[in-house]
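Visitor: I'd like to look at the empty spaces and the core of a protein with you, so could you take me through one?
Guide: Gladly, and here it is for both of us to look at.

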Amino acid sequence: EPRQCVERFVPFLRERGFAVEVRDSLDVFADAETMARMDLIVPCWTMGVLEPEQEKGLLDAVRAGAGIAGWHGGMGDAFRNSTAYQFMVGGQFVDHPGGIIDYTVNIIRPDDPLMAGVNDFAMWSERYYMHVDPSNRVLAATTLTGEHVPWVAGCVMPVVWTRPYGAGRVFYSALGHVAAYFDVPECMEIMRRGLLWASR
């Protein structure tokens with residue numbers, strides 16, 4: 001539900017003074033003039049292909065100081081052909097053992113301002129198994145039980161993280177498979193904070 005998810009955050013950003021532009025084409029990434037004035041980029045594009053000039057424009061903008069923040073497959077399972085994009089994001093979706101299941105999100109860094117006042121919480125969603133960059137600053141994680149895939153039992157899988165990329169800030173949350181999951185207060189609050197934190 002990419003459009004429905006985006007619509008959850010457009011009013012929030014406008015209320016905080018952002019001039020929000022929603023685009024339905026990746027060609028905007030190749031428009032250097034447009035990208036140079038972006039304070040925050042919020043990709044919501046599962047899979048797809050980044051052409052070389054689009055990839056360069058996006059990565060250059062973030063390296064120059066534009067923030068990037070996103071959720072679930074709209075950022076963490078986008079552009080499987082682009083390892084440079086995955087390096088910027090800090091991870092890539094590879095599976096969701098068991099499909100839609102109940103699991104717990106554990107706050108790893110309760111002292112971080114992005115997590116202040118947020119306690120461990122329950123989700124019913126796809127629990128992403130990801131290839132993750134060890135340099136990420138992990139804020140929340142979940143522990144796989146092995147019920148669905150026994151050989152990963154006990155694996156602590158990052159769910160929310162931040163990282164720098166050049167002069168830009170990167171925020172990612174694996175939560176948000178459908179728009180209704182943002183009705184979970186912790187899920188919504190973490191994403192709102194992440195958007196503001198990542199912005200230039």
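Guide: Before we begin, one term: a pocket is an open set of grid points with protein on both sides within 12 Å along at least five of seven lines, and its lining residues have an atom within 4 Å of a point. Please keep in mind as well that this is a predicted model.

Visitor: OK, what volume does the largest pocket have?
Guide: The largest pocket has a volume of about 940 Å³. Its lining is made up of 32 residues, and those nearest its centre are Glu21, Val22, Arg23, Val42 and Pro43.

Visitor: Which element gives the most to that lining?
Guide: That is H1, which gives seven residues to the lining of the largest pocket. At least two residues each are supplied by helix H1 (2–15), helix H2 (32–36) and strand E1 (40–41).

Visitor: And how does the lining of the largest pocket split by class?
Guide: Sorted by class, the lining of the largest pocket holds 22 nonpolar, three polar and seven charged residues.

Visitor: What about the second largest pocket, what's its volume?
Guide: The second largest pocket has a volume of about 200 Å³. It is lined by 17 residues, and Thr46, His72, Gly73, Gly74 and His177 are the closest to its centre. Two or more residues of this lining come from H1 and from helix H4 (72–76), and H4 gives the most, with three residues. By class, the lining of the second largest pocket has seven nonpolar, seven polar and three charged residues.

Visitor: Switching to closed spaces, how many cavities of 30 Å³ or more are there?
Guide: The count comes to two cavities of 30 Å³ or more. The largest cavity holds about 60 Å³ of space, and the residues that line it include Pro97, Ile101, Arg127 and His148. By class, that lining has five nonpolar, three polar and two charged residues.

Visitor: And which residues line the second largest cavity?
Guide: The second largest cavity, with about 30 Å³ of space, is lined by Tyr103, Glu126, Arg127, Tyr128, Thr142, Val159 and Ala174.

Visitor: New topic: I read that phi is usually negative, so which residues have a positive phi here although they are not glycine?
Guide: Most residues other than glycine do have a negative phi. Here, methionine 47 has a positive phi of about 55°, and phenylalanine 79 also has a positive phi of about 55°. Methionine 47 sits in the loop between E1 and helix H3 (52–63), whereas phenylalanine 79 belongs to the loop between H4 and helix H5 (83–89).

Visitor: Is phenylalanine 79 buried or exposed?
Guide: Phenylalanine 79 counts as buried, because its relative accessibility is 1% and buried means under 20%. Methionine 47, by contrast, has a relative accessible area of 40%, so it is partly exposed.

Visitor: Last one: which residues touch the most other members in the largest nonpolar core?
Guide: In soluble globular proteins, nonpolar side chains tend to be buried together. In this model the largest nonpolar core has 63 residues, and Phe29, Ile41, Leu58, Tyr85 and Met88 touch the most other members. Helix H6 (residues 185–198) provides the largest share of this core, with six residues.

Visitor: So which residues is leucine 58 in contact with?
Guide: Once its neighbours within four places in sequence are left aside, leucine 58 is in contact with Phe29, Met35, Ile41, Ile68, Tyr85 and Met88.

Notes:
Residues numbered from 1 in each chain as written. Predicted model: local features only at pLDDT ≥ 70, side-chain atom pairs only at ≥ 80, totals over all residues. Heavy atoms only, no water. 1 Å grid on protein atoms, 1.4 Å probe; cavity = no way out; pocket = protein on both sides within 12 Å on 5 of 7 lines; lining within 4 Å. Points joined across faces, edges and corners; volume = space filled by probe spheres on them. Nonpolar A, V, L, I, M, F, W, Y, C, P; charged D, E, K, R; others polar. Helix = DSSP H or I, 4+ residues; strand = E, 2+ residues; numbered from the N terminus. Buried < 20%, exposed > 50% of the residue type's maximum accessible area, 1.4 Å probe, protein only. Core = buried A, V, L, I, M, F, W, Y, C linked by side-chain atoms within 4.5 Å. Contact = heavy atoms within 4.5 Å.
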